[in-house]
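Welcome to a short set of exercises. Keep the sequence and the model at hand, try each task yourself, and then walk through the solution.

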Amino acid sequence: MALATAQERRTRPAPDRAATSREADGLAVASFVLGLVGLLVMNILLGPAAIVMAAMALARSTARRGRALLGLALGVADLVVLAVLVTVNGTVSWSLGG
C-alpha cells in the first residue's frame, strides 16, 4: 500500500505555478483585509488569522509581498490593541463613552 502511494505521488502532475501564485496573492490580500478590519472588531480572532495568512503568503512567495507584510503588521497591531484594551479597561471591547 505504501509503495502504491509513493508511486502515485511520483506520477501526479506538479501543481500549476500560476495557480499557486494566485493562491498566495489571495492570502496576502486576505491577511491585509483581516488585519485592517481586526483593528475595529474581533481583534482576538482576526489578528492571529491575519498573521497566519500573511506568513503562508510569504512562504509561498507571493507577488504581493508588500501587502502580505502589511497584513502581518496589522495582525500584530490587532494583538497590541487587544493587550492595551485588556490592560487599561480590563475588557476586550472598545468603550468610547467614559
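**Exercise 1.** Which residue just after α3 takes a positive phi?

*Solution.* Some ground rules come before the answer. Residues are numbered from 1 along each chain as its sequence is written. This is a predicted model, in which local features need pLDDT of at least 70, side-chain atom pairs count only at pLDDT 80 or more, and totals for chains, interfaces and linings use all residues, while side-chain values use heavy atoms, with hydrogens and water left out. Now go to the end of α3 and look just past it: S61 has a positive phi of about 55 degrees. A positive phi also appears just after α4, at G90, with a value of about 75 degrees.

**Exercise 2.** Describe the fold as a string of elements.

*Solution.* Begin by counting: the chain has four helices and zero strands (helices are DSSP runs of H or I with at least four residues, strands are runs of E with at least two, and numbering starts from the N terminus). Then read along the sequence, which gives α-α-α-α.

**Exercise 3.** Work out which side of α3 is buried and which residues face away from it.

*Solution.* Step one is the helix itself. α3 has 17 residues and spans 24 Å from first to last C-alpha, close to the expected 24 Å at 1.5 Å a residue (the expected span is 1.5 Å times one less than the number of residues).

Step two is burial. N43, L46, G47, A50, A54 and A57 are buried in α3 (buried is under 20% relative accessible area, exposed is over 50%, partly exposed is in between, with a 1.4 Å probe and protein chains only). They cover an arc of only 105 degrees around the axis, so they sit on the same side of α3. The arc is taken from the directions from the helix axis to the C-beta atoms.

Step three is the face turned away from the buried side, which carries the exposed residues I44, L45 and A59.

**Exercise 4.** Place L45 in its surroundings.

*Solution.* First, L45 belongs to helix α3. Next, its relative accessible area is 55%, so L45 counts as exposed. Finally, L45 joins V33, V37, L40, V41, M42 and I44 in making a nonpolar surface patch of about 670 Å². Both α2 (17-38) and α3 (43-59) supply at least two residues each to this nonpolar patch.

**Exercise 5.** List the buried residues of α4.

*Solution.* Locate α4 at residues 65-89, a helix of 25 residues. Its buried residues are A68, G71, L74, G75, D78, L82 and L85.

Terms used:
Patch = residues over 30% accessible without salt bridge, like charges linked within 9 Å, V, L, I, M, F, W, Y side chains within 5 Å. Areas by Shrake-Rupley, 256 points an atom, 1.4 Å probe, with all protein chains shown as cover. Salt bridge = Lys/Arg side-chain N within 4 Å of Asp/Glu carboxyl O.
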